[in-house]
Amino acid sequence: MSKKPVLYSLASLLVLASVLLSACGAPATPAAPPPTEAPTTAAPAAPATTAPTEAPVAAGPSCGTDPVVMNVYFETGFDDIVKLTEEFTKQYPNVTWDIKQDQFANLINETPRVLAGDNPPDIIRLPTFVSFAKQGLLMNLDKYATEFGWNDWPVPLQFARMDADGIRGSGTLYAMGLNYQLTGVFYNKKLAAQIGMTEPPKTVAEFDDLLAKAKAGGLQPIMEWGSAKSGMGLAFPLQQLMAAYGPTQPINDWIFQKKGATIDAPSNLKAAQHLQDWIQKGYFPPDINAIEYTDAAARFGKGEGVFTFNGDWQNAGYDKDMAGNVGFFLMPPAEAGGQPAAMSGPLTYGVAATAKHADCAAFFFNWIGTNDTARQINVQYGGSNPGGPAGASIPSVPAGSVTAETLAGGPKVGTNAMDFIANATSSIFAQGWTPELQKMVGGKQDAAGLLKAVQAEYERELAQQ
Amino acid sequence: MVTLDNRPAASVASRRTSLNRGVRRETIVGWLFVVPALGMYAVFVLLPLLLTILYSFYRWNGVGPMAWVGLKNYVTVFQVPDLIGTIVNAFWLVVWFSFIPVGLGLVVASVIHRVATGRLGEIARTVLFLPQVIPLVAAGIIWGWLLALPGLINQILKAVGLAAFARAWLGDFDWALPAVGMIGIWVLLGFCTVLLLTGMTKVDPALYESARMDGAGWLQEFLAITVPLLRYEIGVCLTVTVIAALAAFDIVYVATAGGPGNSTAVPGIQIYMIAFTQRAVGLASALAVLLMILVVVVIIPIQRLSRESAE
């Protein structure tokens, strides 16, 4: 009898251990939905020019005429892809969809098992792909890129490629971007007018002036999220400042894990110091370390915050909460006349190496970029540049909507597009940026220490691979 | 629950074989009753335990091939950022998840036992036990709202003139851990109270009566009768709640996910992150094995104390 508690205690402990570690078990706790994954892979966003043309008729891979049930695995909260599947079935009635959806964190954790399982998905949302590609779990899409002419599309796909050494940026195509997200600064037009902003700032210094005016005027200068559950939103302004103070290539090299790449560079230190200065001046909410992503978006929508750093995936939400009152500009460069930079990249989807309907999946990818209705749906629900071939139709957007502004912003970034520093390794966001930036907010970390700590974590994780 | 009691077999050893056969049948039937539970225990507890120990000697991402690395994972574990910090946090949680619920539970149970035996006692017990029934994830989200800067708790503080104390409780480096601890108290107090109350009903009322005749007050009764006679139940409470603290995962994960800046990170969170986000299953297994050893080392003295006193 007196043994029972020991057994009981061991049992509870082991159940925990088994839940945590059993490779076939799903994570026990539904994770918070952090749609902060921003760009997963980046490509200079350049929307189609003029002259709508007919979508190329697929001569090669297609969905055939026999009934096909596509097995697909999407990320919860992205309506655009679901609407696209519905439209596709209208146009190709032999194709129906078996859609499974998961929150971002669960999706990330489940992806390797789903890809390796005995019901491999024909299409899967892939926030990151390098480790899966290395393990041979993803289909090489090069032949489809050649057949459909994806390589000639103005928005290049190099960031969805990986070379033989496992370095992203060139080589084999493992994923397809369905639209091209863009990040930058959203602002509340009424509050901006209140602080005398007549046009978007042209330099970091001008932006600083506006922030100081907002603070002096008793307004919340910047609304941002920062809880560990959502992932620290200050990574957005930090990376924007990095790109303002230095070139974007070394930042991408670091994200793509090129040998010898470091985030602890002088220009990044300047950026981190600038961010620390913003924190110390009280430009961010005092409770930022406890604010969830959705709460930050809601509070900004209610008028708390003149500016917020975010991406165009939030367009629909902002347009709904503050119709006609929300604007967007790209983070300005340090020097007047410099080229603006942004985290920008395709929302990537891949095909399992052993997928049964790979041809149909590739046909669907191509259809999204080329079909007029699909492009319209993509912009309406996704809020981002739909990519596709040069000369594809330009979807119409409601005048005055923030989507019109973000779509116009893409071409200005051009080759200055970056992937997101939170995507460098699978847990650099959770184990590096988030805790270290939270410490900076709490006055327990400085700019130099932040970069050193994140670089050390980066090297530790790479050594584990 | 069926126990593997061999007393009948021993006592009938000298009897006739027909009886012996009956006993054997009884033993077999007994085993049959145990088999389903034993099977579940083996599949869901013993097997994962052995696999976890096995994984801890390999480098493995959960899907691809496994590579034997010997004890390397156990060396690397100590490079996990803030590992010592997470263990210190876990011991801090023992105060909140274990000492306070058990201490407070004793007081509350004793009050209910003494003054509220009827309907009021039932209501009090139900209300206190309710958090055990509410899904922890839902509760964690609601606590997140309550403890947020614009949340109810800060509004109350402001209303009573304590605006200076208002803060984002779960985002504050000094207050996040105590705030998580408060959620722990809310969850575990009812469990301890009900368990201790059940123990109290077993105590002979004559003991209390004679103590009262001798002029003992509530406090003396509590210290001289209630606490010593409930040592066994207290031991059970401590065991369960100390494990809840050291192996904490769910409450912390839904409340803060370890933030801000790892100030509420506990080993359970690190194991989850390393296994499922970083996909270093071997390393996470090594940390899990070390955590298990740590828990066993802490629990054994508690067990020994409560067993000795119970005997």
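## Close-up views of chains A and B

**View 1. A:Ile263 is buried, with 25 other C-beta atoms within 10 Å of its own.** A residue is called buried if 20 or more other C-beta atoms (placed from the backbone) lie within 10 Å of its own, exposed if 12 or fewer, and partly exposed in between. This is a predicted model, in which local features need pLDDT of at least 70 and side-chain atom pairs count only at pLDDT 80 or more, while totals for chains, interfaces and linings use all residues. Residues are numbered from 1 along each chain as its sequence is written, and chains are lettered from A and ligands numbered from 1 in the order in which they are written. To find A:Ile263, look in the loop between α9 (249-255) and α10 (266-280) of chain A; helices (H or I, at least four residues) and strands (E, at least two) are DSSP runs numbered from the N terminus. Leaving aside neighbours within four places in sequence, A:Ile263 is in contact (C-beta atoms, placed from the backbone, within 7 Å) with A:Trp254, A:Asn268, A:Leu451, A:Val454, A:Gln455 and A:Tyr458. A:Ile421 is 158 residues away along the chain, yet its C-alpha atom is separated from that of A:Ile263 by 9.2 Å.

**View 2. A:Gln257 has a positive phi.** The loop between α9 and α10 of chain A also holds A:Gln257. Its phi is near 65°, a positive value in a residue other than glycine. A:Gln257 is partly exposed, with 18 other C-beta atoms within 10 Å.

**View 3. Helices α16 and α17 of chain A pack at an angle of about 165°.** Here you can follow α16(A), residues 428-441, beside α17(A), residues 447-464, with their axes 9 Å apart. Axes are lines fitted to C-alpha atoms, for helices over the stretch in contact, and angles run from 0 to 180 degrees between N-to-C directions. The two helices are therefore roughly antiparallel to each other; angles under 35 degrees count as roughly parallel, over 145 as roughly antiparallel, 65 to 115 as roughly perpendicular and the rest as oblique. Their crossing is right-handed, a word used when the near helix is turned clockwise from the far one by less than a right angle, with left-handed meaning anticlockwise. On the α16(A) side, the contact residues include A:Ile428, A:Trp433 and A:Leu437. Among those of α17(A) are A:Val454 and A:Tyr458, and these two are also contacts of A:Ile263 from View 1. The residues of the contact divide into 8 nonpolar, 2 polar and 3 charged: Ala, Val, Leu, Ile, Met, Phe, Trp, Tyr, Cys and Pro count as nonpolar, Asp, Glu, Lys and Arg as charged, and the others, Gly among them, as polar.

**View 4. Strand β9 of chain A pairs with strands β3, β6 and β10.** In β9(A), residues 342-350, 9 of the 9 residues are buried, so the strand is largely enclosed by the rest of the structure. Strands pair if DSSP finds at least two bridges between them. Strand β3(A), residues 123-125, is joined to β9(A) by 2 bridges and runs antiparallel to it; A:Arg125 stands opposite A:Tyr349. With β6(A), residues 176-188, the pairing is again antiparallel, over 5 bridges, and A:Tyr180 has A:Pro346 as its bridge partner. With β10(A), residues 417-418, β9(A) pairs in the parallel sense over 2 bridges, and A:Ala342 stands opposite A:Ala417.

**View 5. Helices α5 and α8 of chain B cross at about 130°.** The axes of α5(B), residues 119-133, and α8(B), residues 176-202, are 7 Å apart. The helices are therefore oblique to each other, and the crossing is left-handed. Residues of α5(B) including B:Leu128 and B:Phe129 meet residues of α8(B) including B:Trp186, B:Phe191 and B:Leu197. In all, the contact has 10 nonpolar, 3 polar and 1 charged.

**View 6. B:His113 sits in helix α4 of chain B, residues 83-115.** With 18 other C-beta atoms within 10 Å, B:His113 is partly exposed. Beyond neighbours within four places in sequence, its contacts are B:Leu197 and B:Met200. B:Leu197 is one of the residues that α8(B) brings to the contact in View 5.

**View 7. A loop leads to helix α13 of chain B.** The loop between α12 (250-255) and α13 holds B:Pro260, joined to B:Gly259 by a cis peptide bond with omega about -10°. B:Asn262 lies in this loop too, with a positive phi of about 65° although it is not a glycine. With 23 C-beta neighbours inside 10 Å, B:Asn262 counts as buried. In α13(B), residues 267-277, 11 of the 11 residues are buried, so the helix is largely enclosed by the rest of the structure. Just after α13(B), B:Arg279 takes a positive phi of about 60°.
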